[in-house]
Structures are given as structure tokens and as C-alpha cells.
Amino acid sequence: MLTVLTCLRAENDPRLLVLAVLICGVGVFATMRLFERSLHGDRTARLAWTFVASVVVAGAVWSTHFVAMLAYLAGAPVHYEPVLTMASLITAFVGAHVGLLVAGSRRHAALPALGGIIVGLGFAAMHYIGMIAWQVEGRVLWHPALVVASIGLAAALAATTFSVARGDLGARLARWSPVPLAGTILSLHFTGMAALQVTVAASVPRGADHDALALALAIALVGLMVVATGSFAWLIDQRARIVAAAQLRAAHLRDELTGLPNRAGLMQELERSLAGCAPGEKRALVVVKLDRFVQFVERHGATLADRVIAESAARLEAARKPHVVLGRTGRFTFGIVGSHYPPAELRLLLEQLISTLGSPLMIEATQYLVQPRVGVACYPDDADNAVDLVACAELALERALADPLRPLCLYDEWQDAATRRRHALAGDLATALERGEFEMHYQPQVLIESGAVIGQEALIRWRHPEFGMVSPAEFIPLAEHTGMIVAIGDWALRTACAAARQWPDDWRVAVNVSPLQLRQPDLPERVHAALIATGLPPRRLEIELTESLLLDDRTRALHVLRRIRALGVRLALDDFGVGYSSLDVLRQFPFDKVKLDKSFVDDIEGNPQARAILHAMLALGRTLDIPVLVEGVETDRQLAILRAEGCRKVQGYLTGRPVPEGEVLAEPLCRSA
Ligand code: C2E
Ligand code: MG
Ligand code: MG
């Protein structure tokens with residue numbers, strides 16, 4: 001090492017040395033960027049970039065070597081043998097090209113290091129061929145150990161370079177790969193030069209060679225031009241990639257039909273707007289939906305619907321105030337982000353907007369009408385972040401959609417709480433079954449005469465981790481909406497049948513089945529499977545259905561019900577008398593029991609008309625020979641009236657509230673009705 005440094009100080013022109021180091025520095029940086037680039041893209045691109053990188057590194061290493069040679073003041077006239085000098089350049093290129101191809105391969109973990117060794121050996125070969133071409137008037141002596149050391153060092157450092165570049169030593173180190181490559185070139189040259197000893201005869205003239213300086217500058221210039229060309233190629237490519245990526249991102253955030261920001265785009269705008277909000281400042285988020293547009297599409301087709309949406313967007317755009325951002329956030333929805341005005345002013349602005357959007361649209365001489373509905377939320381009053389603000393505005397919109405008389409609704413925490421809860425429940429419903437949050441309660445059905453229990457109605461409950469016990473009246477419609485009812489229904493059926501197995505043999509279990517479940521053609525098979533799995537005799541199972549399910553497709557419903565009945569299972573018509581009661585249903589469908597809705601008993605104590613209706617209903621049951629059970633009996637007076645009217649079976653809080661399975665048998669088997 002000492003020899004190397006002495007040699008540097010004593011025998012080199014410092015200006016040319018600086019130039020050599022400069023070429024080397026720029027060269028290695030460009031080379032490694034190009035090498036990284038050559039790792040991506042298709043095969044042709046990878047080969048082309050490897051070629052460019054090889055040209056650049058060969059140009060850099062060769063001109064570094066040449067300028068450094070010219071810096072070396074041998075103290076005697078020097079001559080360069082042209083063929084060998086060219087050969088050294090070609091060697092550098094071939095070594096680099098083969099080495100880079102190997103180092104860039106993904107086939108084996110050792111290939112980067114191997115490629116590096118090839119590059120290093122190529123450089124060494126270039127150096128020593130170059131040295132043979134360098135002919136000096138004097139005696140040249142080589143120090144073999146330093147020659148070997150220079151070759152070994154070059155191979156090792158170049159191997160390190162490509163291992164680092166490929167991330168073998170950690171992804172964060174990768175960007176430092178030009179450093180060992182510069183080390184490769186510089187250590188090779190200077191260790192190689194230290195191995196050289198030139199003895200010049202005293203008669204030979206000494207001093208700086210001006211031709212050498214000119215030559216060095218020319219070579220340095222060519223070398224730098226090669227490096228610069230490679231670097232520019234890389235820069236142009238990089239720029240094109242950045243522009244393409246930006247265009248792709250922009251396209252991703254834009255709605256094609258209207259040219260407005262899409263949901264993601266508007267979300268970004270909203271986040272930006274909220275972030276730029278000074279303390280005390282407010283922002284409004286307005287969501288606009290074209291009401292009943294699904295029907296519009298069905299009636300007029302998607303092409304016309306698209307034109308109407310584009311027209312509506314143009315109208316909104318025309319009415320847009322400065323600093324307000326408009327976006328198309330859904331198929332039929334728009335979002336507007338803007339400053340917040342005092343409520344009265346905001347209302348006025350939005351009412352104008354509704355009337356603009358709602359005025360007739362002329363398309364090809366035909367008039368079309370759309371009905372906009374608007375929901376508004378305010379930052380930071382309603383929510384302190386973009387996601388929650390959107391949720392609030394959408395809740396307000398939902399209220400606007402539900403109320404035909406109020407097309408514009410501002411978010412109101414109290415008014416929108418029910419909707420928020422519904423959304424939360426709908427979200428949690430999907431996993432409630434697997435988390436075992438459902439449980440079954442049972443309410444007795446009792447004979448008035450003896451007070452004997454004749455069966456139990458299974459009533460499902462949802463023990464929600466946040467909201468506590470949730471009533472089926474609340475979550476069954478949600479389960480129907482999401483289709484979860486099928487799985488929940490299966491669970492209910494099996495749980496109820498399994499419980500009933502433990503009860504006295506003359507008790508039935510009544511299980512509620514939703515209209516949606518009846519739409520499944522395989523419902524009879526599911527019922528059968530539940531009976532087989534639990535071992536409950538079919539005669540002990542009763543399925544309760546509401547009338548609404550018989551409205552859809554009577555023929556199919558009738559078919560499914562007949563098949564269930566053929567299993568020996570009984571059918572009960574639930575909630576009779578409310579909704580679309582029709583006597584026809586009783587005539588057409590094979591019911592074994594009718595359950596009169598609670599509303600029939602609610603008023604019978606004080607209202608003679610209610611009592612008259614009850615009387616008629618019971619008489620109807622007798623005429624059609626269908627047993628009638630009255631639901632929702634709460635007082636002794638009601639029971640006494642029912643008994644007087646000849647009703648035989650009841651179910652209600654008076655004779656027993658719904659209780660968990662464990663408490664069913666703890667209750668007395670007979671009730672004093
Ligand atoms: P439903 O089948 O008509 O059940 C009777 C409902 O009235 C039950 O409400 C019961 O707790 C309640 N009830 C009974 N006696 C009285 C009374 O004396 N006074 C008052 N105020 N209420 C009484 P619940 O359990 O909240 O169930 C509501 C509805 O949810 C049920 O009406 C039924 O349609 C449905 N449902 C319950 N469990 C299931 C199930 O497993 N599957 C399906 N698809 N629906 C179910
Ligand atoms: Mg029921
Ligand atoms: Mg009922």
C-alpha cells in the first residue's frame with residue numbers, strides 16, 4: 001500500500017489524475033443506473049440496456065485507464081502500439097458485456113458475484129493489454145505479487161459491486177453499488193501501476209509531454225461523451241416512465257364518461273382540502289344522487305342513461321363555484337367538495353342546484369327528467385376525517401332518498417343514528433354466525449282450557465358484542481337483503497329441532513321461515529336434513545310462514561310447501577290479518593294452523609269493533625276447519641275475552657315470555673290460563 005501511494009505522489013501529473021478520477025466517478029454512477037435498468041422490462045429491452053451499460057462502462061474504464069496512463073510521468077518518451085490499444089478497449093467491452101449479462105441473470109443466487117468476477121477480470125485484461133501497448137524508452141520491470149494483487153482486488157471488488165447492486169447485502173445498500181465499482185477501476189489501475197518499475201537512461205530527455213496532455217483531453221472527452229450518451233439515454237427512459245406512470249395514475253383517478261375525478265380522485269381532493277383547512281375553517285361535502293336512475297336505465301337503455309349522466313355532470317360543472325371540486329363518485333352519484341356556507345345560504349345554493357339538475361333535459365328532441373337527491377356533511381362539525389365525512393354525507397343522502405318530500409338533507413347525528421346502526425349491523429352480520437353470536441329463545445304456545453303447553457315457538461336472538469341483544473325484527477330484514485338468511489335459517493332450523501328433541505314428545509317446535517328461504521327450491525331437502533341430523537320426528541316440527549311470501553310466485557311457493565308438508569311437517573300461517581291478508585291464501589295453501597296477529601287482541605278490551613273482527617276471524621277458522629292461535633296475549637282480560645269467543649290456543653307474555661333453551665323445561669308444564 002505504501003508503494004502505491006508513493007508512486008501516486010511522485011510519478012503522476014495531478015491534473016490528469018483528477019480528470020481520470022472524474023471520468024471514473026461519472027462512469028460508474030451511469031453504469032450502475034444502466035445496469036439496474038437492464039434488470040427490468042422484456043428480453044429485448046434487457047439486452048439493449050445491458051449493451052448500453054457495457055459500452056458506457058468499457059468507455060469509462062478505458063478512458064480512465066488511458067488518461068491515468070498519460071498522467072503517469074515515466075520520465076521518458078512513450079509510444080502507444082495502436083492494435084493492442086484498440087484490443088484493450090475491445091477486451092474491456094467484451095468482459096463487461098459478458099459479465100453484466102451473467103450478473104443480471106436471475107437463474108442462480110451466485111450469478112451476480114460471478115458476473116462481477118468476469119467484469120473485474122475483463123478490466124484487468126484491458127489494463128495489462130493496454131500496458132503492453134504502452135511502450136517506453138527504458139527498462140520495464142514488473143512486480144509479480146502486485147500484478148496478482150491488482151487482478152485479485154479487481155475481481156473481488158467487482159463481485160462485491162454486483163452482489164450489492166442485486167440487493168444480496170440488503171436492499172438499502174443497493175444504491176451504493178457505484179462505490180465498489182469505482183474501487184475496482186481505481187485499485188486495478190494504481191496497484192497495477194505500482195507493480196511497474198521503469199528505469200530510464202540518464203541521456204533520455206525528461207519533462208512534461210504536451211502531446212500527452214492533448215491526447216489525454218481528447219480521450220477524456222470521448223470517454224465522457226460515451227458516458228454522457230448512456231446517462232442521457234437512461235434519463236430519457238426514466239422520464240418517459242415517470243410520465244407514463246403519472247398518466248396511468250391520473251387515468252385511474254378520472255371518470256371516463258364525464259372527465260371528472262372519480263371516487264378515488266375526489267377522495268384525494270377531499271383529503272387535500274381537509275388538510276389545507278385552517279383552524280376554524282369549515283368544508284362541506286355534498287353528495288348528489290340521481291334518484292330511481294336504475295329504472296331510468298332499464299326503461300331507456302344504458303347509452304341514453306350515459307348521455308343523461310354526462311349532461312347532468314355538465315350542468316353541475318357549469319353551476320360550480322370557483323374552488324369547488326366536483327367528481328363522479330358512483331354510477332349515479334356525484335360528489336362536491338367546497339367551502340362551508342352558513343346553513344341557510346348552503347341550503348339556498350343546493351336548492352338551486354337541485355332545480356338546475358331537475359329541470360327537463362332535451363336529448364334528440366325528447367325531454368327527460370331526473371330527480372336529484374342531496375346529502376350534505378360538514379367538516380369538522382360532523383366528522384374530523386375524509387372517510388367519516390363521506391359516510392355522514394351518504395347517511396344524509398339515504399334519508400333524502402327515503403323521504404319524497406325532502407330531496408335535500410343535512411347530516412344529523414340523531415336522525416341518522418338508526419341508519420348508521422343498520423349499516424353497522426349489516427356489516428357485522430356476515431360473521432355473526434361463525435362467531436356464534438346467535439342464540440335461540442322459546443316462547444310457549446298454550447291451550448286455554450287446560451293451560452297445557454302444546455309447543456314452543458323458536459325466536460332467534462343476536463347477542464351483538466357492541467349493541468347487546470338485537471331483535472330479529474331488526475336484523476332478519478338485513479339478513480334477507482344480504483342473502484345471509486339462508487345460512488341463518490339453516491342454523492335456526494337445526495338448533496330448534498335439536499332443542500325440541502329434549503322436550504316432552506307431545507310438544508311441537510315452531511320455526512319461522514323467511515320469504516327468501518322459500519325461494520330456494522331445495523328448502524324441503526334442507527328441512528329434511530335438519531330432521532335427520534337431529535332425529536326429531538317430522539310431526540313435531542311446524543314451519544311458520546308469513547303471507548307476504550305467497551305473493552311472489554304462488555305456483556312455485558305452493559309446490560315447495562306441498563313438498564315440505566309431504567315430509568310430515570306442519571305449516572302455520574303467521575301474522576294473519578296484517579299486510580296483504582287474503583282469504584284466498586287460506587283456501588289455496590295447505591295450512592295446519594293460522595296465527596292471528598297481536599294487533600287483533602291489542603284493542604279488544606275497550607273497542608267493540610276490534611272484538612267483532614276477532615269474532616269473525618275465529619268463526620272463519622272454524623268454517624275452514626283450520627285451528628287458530630292468537631298471538632300477543634298480555635292481560636287476563638284479553639284471555640277471558642278470547643275464551644268467551646271460543647278461542648282455544650294462545651301465545652303471549654301472559655302465558656310465557658320467550659326464554660333461553662336452558663329455561664324451557666324449568667317452566668311448569670301446565671299454565672293456569
Ligand atoms: P313472530 O313470528 O310473529 O313472533 C312473535 C313476536 O312477538 C316475537 O318477537 C315475540 O317475542 C313477540 N311476542 C310474543 N308475545 C308477545 C306479547 O305478549 N307482547 C308483545 N309485545 N310481543 C310478544 P321477536 O322475537 O322480536 O320476533 C320478531 C319476528 O322476527 C318474529 O315475529 C318473526 O317473524 C321473526 N323471527 C324470529 N325468529 C326468527 C327466525 O329464526 N327466522 C326468521 N326467518 N324469522 C324470525
Ligand atoms: Mg312466528
Ligand atoms: Mg307472528
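Is Glu457 buried or exposed? I looked this up before anything else, bearing in mind that the model is predicted. Glu457 is buried, at a relative accessible area of 3%.

**Entry 1: the metal site**

I then listed the donors around the magnesium ion (ligand 2). Glu457 (OE), Asn512 (OD1), Glu544 (OE) and Asp574 (OD) coordinate this ion at 2.0 to 2.2 Å. I noted their spacing along the sequence as E-x54-N-x31-E-x29-D. I placed two of the donors in the secondary structure: Glu457 sits in strand S13 (residues 453–464) and Asn512 in strand S15 (residues 508–512), so this pair ties together parts that are 55 residues apart in sequence.

I checked Asn512 for accessibility as well. Asn512 has 30% relative accessibility and therefore counts as partly exposed, the range for that class running from 20% to 50%.

I also looked for a neighbouring metal. The magnesium ion (ligand 3) is 4.1 Å from the magnesium ion (ligand 2), and Asp574 coordinates both.

**Entry 2: a salt bridge at a metal donor**

I went back to Glu544, one of the donors to the magnesium ion (ligand 2). Glu544 also forms a salt bridge with Lys595, with 2.6 Å between the closest N and O atoms. The two residues come from distant parts of the chain, Glu544 from strand S16 (residues 541–546) and Lys595 from strand S18 (residues 593–596), 51 residues apart. I found both Glu544 and Lys595 to be buried.

I followed the contacts outward from this pair. A network of salt bridges links Glu457, Glu544, Lys595 and Glu631. Glu457 and Glu544 thus appear in my notes twice, as donors to the magnesium ion (ligand 2) and as members of this network.

**Entry 3: other salt bridges**

I searched the whole structure and got 31 salt bridges. I wrote down two more of them.

Asp416 and Arg399 meet through their side chains in a salt bridge of 2.6 Å, N to O. Asp416 is in the loop between strand S11 (408–410) and helix H14 (417–432), while Arg399 is in helix H13 (residues 386–402), so the pair ties together parts that are 17 residues apart in sequence. Asp416 is buried, with a relative accessible area of 0%. Arg399 counts as buried too, at 13% relative accessibility.

Glu437 and Arg435 form the other salt bridge I recorded, and their closest N and O atoms are 3.4 Å apart. Which of these two is buried and which is partly exposed? Glu437 counts as buried at 10% relative accessibility, whereas Arg435 counts as partly exposed at 46%.

How values were computed:
Residues numbered from 1 in each chain as written. Chains lettered and ligands numbered in written order. Predicted model: local features only at pLDDT ≥ 70, side-chain atom pairs only at ≥ 80, totals over all residues. Heavy atoms only, no water. Donors = N, O, S within 2.8 Å, 3.2 Å for Na, K, Ca; no water. Helix = DSSP H or I, 4+ residues; strand = E, 2+ residues; numbered from the N terminus. Buried < 20%, exposed > 50% of the residue type's maximum accessible area, 1.4 Å probe, protein only. Salt bridge = Lys/Arg side-chain N within 4 Å of Asp/Glu carboxyl O.
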